[in-house]
Amino acid sequence: MSFNSMFNARLEEQKQQGLFRERVCVEQNHQGIVSTQSGHFLDFASNDYLGLRHHSDVLQGWVEGLELYGSGSGASPLVTGYMKAHQDLEQQVAKSLKREAALLFSSGFAANQALCRALFHGKDGASGNLFCDKLMHASFIDGALASSASFKRFKHNDLNHLESLLQRKNNDLPTLVATESIFSMDGDAPDINAMAELSQKYDSWLMLDAAHSLGVLSIEDHPSQQNAPIIMGTFGKALGTCGAFIAGSETLISFLINFARDYIYSTAMPPAQAHATLVSWNIMLAEERTRELHRKIAYFKAKATKANIAIQPSDSAIQWIKIGSPTRTIALSQTLKQFGLWVGAMREPTVPKGTDRLRITLRADHSEKDIDALIDGICIANSQIEQTSQECEHGTDS
Ligand SMILES: *Cc1c(COP(=O)(O)O)cnc(C)c1O
């Protein structure tokens, strides 16, 4: 079989199942409005929860960084690519999260890959035990699968299931338990303190992926190094730039510098990006925008409940409505687009089968009017889709 016939067959199958994916080119995304060739939309799909992407101080940080360091780092970090801007950001991340040290990566995807494969390395049988939540991000799952750990997933946020796995682990090998401090698709959270205790009881380390909790939870609500010896976070979400970090003990970071191949063999992130991200990080630390975000979350939840929209339990910026079929999810999101509203349409395999959903991300810079428009739009789209599916059913009956 040729590649082209394989491509065509697989793509056709995706289309049949309502799972075909396409990108939309965004011309501008400013002041909460996404502009494309087909129109302007209120943005309820981006992850910059604090609305910092266009903050003038962050933009100024880029400009200063460009002036100081040029447009790129010029090399991998172990050659000449590790610069003062990287060091400053690492030190501030470590200090804010009460860790000894931090290490920067070009993306969260790379950080999770690097971590799994550096911690669990070796060809002769399992090199460790790795347990992670079933709903963990693809970047972690893929890293875990590519590692040499004995890898098992526990049921979402289920401490009893985790404990039953911990009881059966190989005690001669090191053990990592991994979860997200806020889940990317569900917006919910595990009981981190209980999970930390359980991990300690079984002589294991807890690792947290904080991609969606930075800037959303207070920095003080992120656990200490003792409770979660490894914390990973990304700058592409609330911080509004790009890149990621892993923070922990000096020894952990030194180990990663020596063994994390994604770190060693990749050009360091542009120092200007690190410089701008530090500005963004410091704005996040003031937490004024975090408090504003929570006012918007509370406003959305109250309005949605009043309008009988069945939102799933979440206190975070990620709110979702279960639709349960990929085609219906797409139909709803397209109707919303016609109303000028852009929400995430999440389908399997990004989310488990049967939980296809509209995913709404709220930001500190949404206005109450934006949220009112969204609620109205969802109600109307729902009743329109209801009507057409009834007409279709009626059509087949007669
Ligand atoms: C976005 C995300 C990542 C990947 O981070 P990038 O910097 O976008 O590569 C990892 N983990 C979680 C939970 C995420 O949401």
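Select Gly-108 and the ligand to begin: a polar backbone atom of Gly-108 is 2.7 Å from an oxygen atom of the ligand. This is a predicted model, in which local features need pLDDT of at least 70 and side-chain atom pairs count only at pLDDT 80 or more, while totals for chains, interfaces and linings use all residues. Residues are numbered from 1 along each chain as its sequence is written, and side-chain values use heavy atoms, with hydrogens and water left out.

**The ligand site**

Stay with the ligand and add Asp-209, where a polar side-chain atom lies 2.7 Å from a nitrogen atom of the ligand. Then add Lys-237, which places a polar side-chain atom 2.8 Å from an oxygen atom of the ligand. Widening the selection gives 13 residues around the ligand, the closest being Gly-108, Phe-109, Asp-209, His-212 and Lys-237; a residue is near a molecule if one of its heavy atoms lies within 4 Å of it.

**The largest pocket**

Next, select Glu-22, Trp-342, Gly-344, Ala-345 and Met-346, which lie nearest the centre of the largest pocket among its 38 lining residues. The elements that give two or more residues to this lining are helix 5 (108–119), strand 9, helix 13 and strand 12 (341–346), and strand 12 gives the most, with 5 residues. Helices (H or I, at least four residues) and strands (E, at least two) are DSSP runs, numbered from the N terminus. The pocket holds about 1200 Å³ of space. On a 1 Å grid over the protein atoms alone, a pocket is an open set of points with protein on both sides within 12 Å along at least five of seven lines, whereas a cavity is a set where a 1.4 Å probe fits but cannot get out, and lining residues have an atom within 4 Å of a point. By class, the pocket lining divides into 14 nonpolar, 14 polar and 10 charged residues.

**The largest cavity**

Now select Ile-321, Ile-323, Leu-332, Leu-336, Leu-358, Ile-378 and Asn-382, which line the largest cavity. The structure holds 1 cavity of 30 Å³ or more, and about 30 Å³ of space lies in the largest cavity. Helix 13 (326–338) and helix 14 (368–397) each supply at least two residues of this lining, which comprises 6 nonpolar, 1 polar and no charged residues.

**Thr-241 and Ile-141**

Move to Thr-241, in the loop between strand 9 (230–234) and strand 10 (244–248), and show Thr-277 as well, since a polar contact of 2.8 Å joins the two side chains. A polar contact is a pair of N or O atoms within 3.5 Å; within protein, one must be able to donate a hydrogen and the other to accept it, and residues adjacent in sequence count only if both atoms are side-chain atoms. Thr-241 counts as buried at 14% relative accessibility, where buried means under 20% relative accessible area, exposed over 50%, and partly exposed in between (1.4 Å probe, protein chains only). Ile-141, in helix 6 (residues 138–146), is also buried, with a relative accessible area of 10%. Measure from Ile-141 to Ser-213, C-alpha to C-alpha, for a separation of 19 Å in space and 72 residues in sequence.

**The cysteines**

Finally, select Cys-25 and Cys-242. Why do Cys-25 and Cys-242 not form a bond? The sulfur of Cys-25 is 17 Å from its closest cysteine sulfur, in Cys-242, which is too far for a bond. A search of the whole structure finds 0 disulfides, a disulfide being a pair of cysteine sulfur atoms within 2.5 Å. Cys-25 counts as exposed at 61% relative accessibility, whereas Cys-242 is partly exposed, with a relative accessible area of 41%.

Technical notes: Grid points are joined across faces, edges and corners, and a volume is the space filled by probe spheres set on the points. Ala, Val, Leu, Ile, Met, Phe, Trp, Tyr, Cys and Pro count as nonpolar, Asp, Glu, Lys and Arg as charged, and the others, Gly among them, as polar.
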